[in-house]
Amino acid sequence: TEPWGVMVERVEVKDVRVPEQLQRAMAAEAEAAREARAKVIAAEGEHKASRSLRLAAEVITDSPAALQLRYLQTLNSISAENNSTIIFPVPIDIMSSFMQSNNNNQQQQLFQQQMFQGLQQPNFSQHPSSMTPPSSS
């Protein structure tokens, strides 16, 4: 327009008709951009949470009493919610000793049953060929 001696300061577009296929493509692109931003934000949150957990683990490692205090705080918050069920976590070391003790008791009971079966008197009302000796396993 300058060769004609007219200077344009601004142009205003009042009505634009975008084809439906282009509208769908633009909407899909915008949705992909939103999802990408959401994934980045979620990843940053996970990163911050993992750092916080690492720091908490270091504090608990340095001070075993901190773990006991945290445990008591958790029980306190659970009881404040008026729940009827409270789950007490038990260290695996304690459970393994109970399981080992239970396993030893089962082995002793099995041995006693086998010994008792071996000491039982034969039933003479049965035919001798149908009687089987006690198993030695």
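Is Arg54 buried, partly exposed or exposed, going by its relative accessibility? At 48% relative accessibility, Arg54 counts as partly exposed; the close-ups below pick up that residue and several others in what is a predicted model.

**View 1. Arg54 pairs with Glu58 in a salt bridge.** Here the closest N and O atoms are 3.6 Å apart. Both residues sit in helix H1, four residues apart, so about one helical turn separates Arg54 from Glu58. Glu58 comes in at 39% relative accessibility, which puts this residue in the partly exposed class too. For Arg54, the 48% stays short of the exposed class because that class starts over 50%.

**View 2. Arg24 and Glu20 join their side chains in a salt bridge.** The N to O distance is 2.9 Å. Once again we're in helix H1, with Arg24 and Glu20 four residues apart, or about one turn of the helix. Arg24 and Glu20 are both exposed.

**View 3. Arg34 and Glu31 form a salt bridge, also in side-chain territory.** The N to O distance here is 2.7 Å. Arg34 and Glu31 are three residues apart in helix H1, so they too are separated by about one helical turn. Arg34 has a relative accessible area of 43% and is partly exposed. Glu31 is partly exposed as well, with a relative accessible area of 36%. Counting across the whole structure, there are four salt bridges, and the pairs in these views are among them.

**View 4. Helix H1 meets helix H2 at an angle of roughly 115 degrees.** Two packed helices are described by the angle between their axes and by how far apart those axes are. In this case the axes of H1 and H2 (residues 64-80) come within 4 Å. On the H1 side of the contact, look for Val59, Ile60, Thr61 and Asp62; on the H2 side, they meet Pro64, Ala66 and Leu67. Sorted by type, the residues of this contact are five nonpolar, one polar and one charged.

**View 5. A nonpolar patch sits on the surface.** Its members are Trp4, Val6, Val8, Val11, Val13, Val16, Val18, Leu22 and Met26, and together they have about 940 Å² of accessible area. Zoom in on Val6 and you're in the segment before helix H1 (20-62). Val6 is partly exposed, with a relative accessible area of 44%. That is enough for Val6 to qualify for a patch, because patch residues need over 30% relative accessible area.

Methods. Residues are numbered from 1 along each chain as its sequence is written. This is a predicted model: local features need pLDDT of at least 70, side-chain atom pairs count only at pLDDT 80 or more; totals for chains, interfaces and linings use all residues. Side-chain values use heavy atoms; hydrogens and water are left out. Patches are made of residues with over 30% relative accessible area and no salt bridge: like charges are joined within 9 Å, nonpolar side chains (Val, Leu, Ile, Met, Phe, Trp, Tyr) within 5 Å. Accessible areas come from the Shrake-Rupley method with a 1.4 Å probe; for residues, only the protein chains shown count as cover. Helices (H or I, at least four residues) and strands (E, at least two) are DSSP runs, numbered from the N terminus. Buried means under 20% relative accessible area, exposed over 50%, partly exposed in between (1.4 Å probe, protein chains only). Axes are lines fitted to C-alpha atoms, for helices over the stretch in contact, and angles run from 0 to 180 degrees between N-to-C directions. Contact means heavy atoms within 4.5 Å. Ala, Val, Leu, Ile, Met, Phe, Trp, Tyr, Cys and Pro count as nonpolar, Asp, Glu, Lys and Arg as charged, and the others, Gly among them, as polar.
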